[in-house]
Amino acid sequence: MASAARASPAQPDLGLSTAALIFAGGRATRLGGVNKALLEVGGATIVDRILAALGPLVDERVLLTNDSALSQIGGVRLVYDPQPHAGVLAALAAGLTSSTAEVCLAVACDMPFVSRRLFEHLLELRRTSDADVVIPRTAGFLEPMHAVYRRQTVLQAILAALARGEQRMISYFGDVRVREVAEDEWQALEPTGSAFFNVNTPEDLEQARRLASDIRQE
């Protein structure tokens with residue numbers, strides 16, 4: 001359980017250990033192969049922004065990558081992805097395997113505006129609904145990299161799906177309890193949707209840097 005110094009005021013999922021899983025294994029071909037976690041947005045690297053947002057909510061911080069350059073980042077445990085570029089489902093399984101926490105907060109390393117307030121809400125929904133997965137939906141698409149997972153239950157279901165040769169992100173949903181968070185629900189906390197903004201291109205990076213001056217990360 002988080003220490004008093006780092007505890008969230010709301011302290012959702014009280015009594016369960018928590019981890020932030022930051023996924024930094026992408027190729028970033030449209031950005032010249034640079035590791036997106038180390039891109040600067042608003043005076044800080046994206047990974048530092050993520051750690052600042054989620055640090056107070058978690059007991060453990062895990063960075064899943066295949067890039068040794070990220071060993072310079074403090075306050076995280078670096079885990080090398082055993083199957084780099086094998087897809088989101090395999091990466092999620094690797095991340096969940098790497099942690100010992102009971103509840104994991106998953107986030108991609110290219111999301112500079114990750115919302116602590118929204119993650120607090122996702123954790124509270126997980127606690128009150130006893131769901132295994134709490135996942136927002138945006139513009140008709142699920143957001144597996146801004147979501148909360150009950151580690152052991154979800155890991156077992158994903159490994160079973162992968163063993164069946166299934167690769168779709170939702171292929172294990174039938175074996176777990178899923179709580180989707182619709183747009184009208186999460187927009188009460190995150191009206192602009194900036195929490196789900198990904199930096200994939202140089203244009204995205206420029207936009208993120210412009211937005212950073214207007215967005216106060218919460």
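1. In this predicted model, the buried residues of helix 2 are L89, A90, A91, L92, A93, A94, G95, L96 and S98. Helix 2 spans residues 88–98, and with 9 of its 11 residues buried the helix is mostly covered.

2. What do the buried residues of helix 2 pack against? Their partners are strand 1 (18–24), strand 4 (60–65), strand 5 (77–80), strand 6 (103–108), strand 9 (146–150) and helix 4 (151–163).

3. S98 belongs to helix 2. Its relative accessible area is 13%, and S98 is therefore buried, the cut-off being under 20%. Once neighbours within four places in sequence are set aside, S98 is in contact with L21, E60, V62, R77 and V79. The C-alpha atoms of S98 and Y80 are 9.3 Å apart in space, and these two residues are 18 apart in sequence.

4. Strand 1 is largely enclosed by the rest of the structure, because 7 of its 7 residues are buried. In a regular strand, side chains alternate between the two faces of the sheet. Here T18, A20, I22 and A24 point one way, while A19, L21 and F23 point the other way; all are buried.

5. Which strands pair with strand 1, and in what sense? Strand 6 pairs with strand 1 in the parallel sense over 6 bridges. Strand 4 also pairs with strand 1 in the parallel sense, over 6 bridges. L21 can be followed to both of these strands: A106 stands opposite L21 in strand 6, and V62 is the bridge partner of L21 in strand 4. L21 and V62 also appear among the contacts of S98.

6. Helix 1 (residues 46–54) is mostly covered as well, with 7 of its 9 residues buried. Those buried are I46, V47, R49, I50, L51, A53 and L54; an arginine is thus listed among them.

7. The count of aromatic pairs comes to 3. One of them is formed by F113 and F197: the ring centres are 6.1 Å apart and the planes stand at 65°, so this pair is edge-to-face. The pair links distant parts of the chain, with the two positions 84 residues apart in sequence numbering. F113 sits in the loop between strand 6 and helix 3 (116–129), and F197 sits in the loop between helix 5 (183–186) and helix 6 (202–212). Both residues are buried, F113 with a relative accessible area of 2% and F197 with 15%.

8. Y172 and F173 form another aromatic pair, with ring centres 5.0 Å apart. Why is this pair edge-to-face? The planes of the two rings are at 90°, and the cut-off for edge-to-face is over 60 degrees. Y172 counts as buried at 0% relative accessibility, and F173 counts as buried at 14%.

9. For the protein chain as a whole, there are 6 helices and 10 strands. The chain has 218 residues, of which 52% count as buried. Among contacts between residues at least 6 apart in sequence, 73% join residues at least 24 apart. The exposed area of the chain is about 9700 Å², and carbon and sulfur atoms supply 51% of that area.

Terms used. Residues are numbered from 1 along each chain as its sequence is written. This is a predicted model: local features need pLDDT of at least 70, side-chain atom pairs count only at pLDDT 80 or more; totals for chains, interfaces and linings use all residues. Side-chain values use heavy atoms; hydrogens and water are left out. Buried means under 20% relative accessible area, exposed over 50%, partly exposed in between (1.4 Å probe, protein chains only). Helices (H or I, at least four residues) and strands (E, at least two) are DSSP runs, numbered from the N terminus. Contact means heavy atoms within 4.5 Å. Rings of Phe, Tyr and Trp (its six-membered ring) pair if their centres lie within 6.5 Å; planes under 30 degrees apart count as stacked, over 60 as edge-to-face and the rest as tilted. Two strands pair if DSSP finds at least two bridges between them. Accessible areas come from the Shrake-Rupley method with a 1.4 Å probe; for residues, only the protein chains shown count as cover.
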